[in-house]
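Q: Please take a close look at one part of this model, the protein surface around one of the DNA strands. Describe what lines that surface and how its parts are arranged.

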Number of protein chains: 2
Amino acid sequence: MNIGEVAAQTGLPAKTIRYYEDIGLITPKREANGYRVFARTDAHKLAFLARARALGFSIEDCRNLLALWEDRSRASADVRAIANEHLSEIEEKITGLTAMRDTLSELVRDCAGDNRPDCPILKGLEGA
Amino acid sequence: MNIGEVAAQTGLPAKTIRYYEDIGLITPKREANGYRVFARTDAHKLAFLARARALGFSIEDCRNLLALWEDRSRASADVRAIANEHLSEIEEKITGLTAMRDTLSELVRDCAGDNRPDCPILKGLEGA
DNA sequence: CTTGACCTTCCCATGACTGGAACCCTTATG
DNA sequence: CATAAGGGTTCCAGTCATGGGAAGGTCAAG
């Protein structure tokens, strides 16, 4: 399989796949002409990576998850620890964004949004 | 006012304040010795920027908001448009993160998290 | 006179890509 | 047989909003 095909299969851009090789997440073989050859296991790894990234795991988390995935004698506790850690980061982000949204939507609600210069949004940004 | 004082006042790191000067958000004067001198208006601008950044506005949004803030003949509609645009970006992010959280917490919930290798989280990442 | 706390500029690094240039390989067509 | 299209390759630079750290100038206190 060439890079284009595996890109189409996994939904990852070819550029990203090359990058993943660069940082050592995958190690596809090469043909005589220099082209990368992706074995089925490479494609599986990339699909795994695509899903993990879609769930917001960092590249380093992905590296660790991939290692656990390939380790037949892993402990599911190790996987769970990574996932749980990530889960609380996500929840923190949601909390922060929700606070932003609430503040901002109040300001927007109070703003007439017309031709006049008077603007509660700017007043809100100006000072407490 | 020197940079340290205005940093303490606004809560912005000195590095960030220098960066804001670099990209033209503020233009503090200089003393004979080369030190930046922050007038009260500079400090106000920085406080404004700190609040806008805390609400997640991009630097470019901040630049535009700052221009509107200083324009006595602005239309509040212009401010509102920027804020509304940003608001929907925030809401998109919240939606995406919430979806991640839901998927991930399901996987975590189903994972025993013990010494055994069997792991629903990895299975979930492996394929649909 | 020296110490320590400021301040300055400059360059490099982050995360996870993305864009683009310049070039090679393969196949189909005029 | 030349060429054009559509793969592939490497390498370099840019993104966003800073942060780290080096190398050095300035200033007030002891």
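A: What follows covers the surroundings of one strand and then a helix pair that contributes to them.

The model is predicted. DNA strand C is surrounded by 19 residues, and the closest are A:Lys15, A:Tyr20, A:Arg53, B:Gly4 and B:Arg36. By class, the residues of this surface are seven nonpolar, six polar and six charged. On the DNA side, 69% of the strand C atoms within 4 Å of the protein belong to sugar or phosphate, and the rest belong to bases.

Individual polar contacts reach several parts of the strand. The backbone of A:Ile59 places a polar atom 3.4 Å from a phosphate oxygen of DNA strand C. In the side chain of A:Tyr35, an N or O atom is 3.5 Å from a sugar or linking oxygen of the strand. B:Tyr35 has a polar side-chain atom 3.4 Å from a base oxygen of DNA strand C. The elements giving two or more residues to this surface are helix H2 (14–22) of chain A and, from chain B, helix H1 (3–10) and helix H2 (14–22). H2(A) provides the largest share, four residues.

The two chain B helices also pack against each other. The axes of H1(B) and H2(B) are 9 Å apart, at an angle of about 105 degrees. H1(B) is therefore roughly perpendicular to H2(B). From H1(B), the residues B:Ile3, B:Val6, B:Ala7 and B:Thr10 meet B:Ala14, B:Ile17 and B:Arg18 of H2(B). This contact has five nonpolar residues, one polar and one charged.

Conventions
Residues numbered from 1 in each chain as written. Chains lettered and ligands numbered in written order. Predicted model: local features only at pLDDT ≥ 70, side-chain atom pairs only at ≥ 80, totals over all residues. Heavy atoms only, no water. Near = heavy atom within 4 Å. Polar contact = N/O pair within 3.5 Å; in protein donor to acceptor, adjacent residues only side chain to side chain. Nonpolar A, V, L, I, M, F, W, Y, C, P; charged D, E, K, R; others polar. Axes fitted to C-alpha atoms, helices over the stretch in contact; angles between N-to-C directions. Parallel < 35°, antiparallel > 145°, perpendicular 65-115°, else oblique. Contact = heavy atoms within 4.5 Å.
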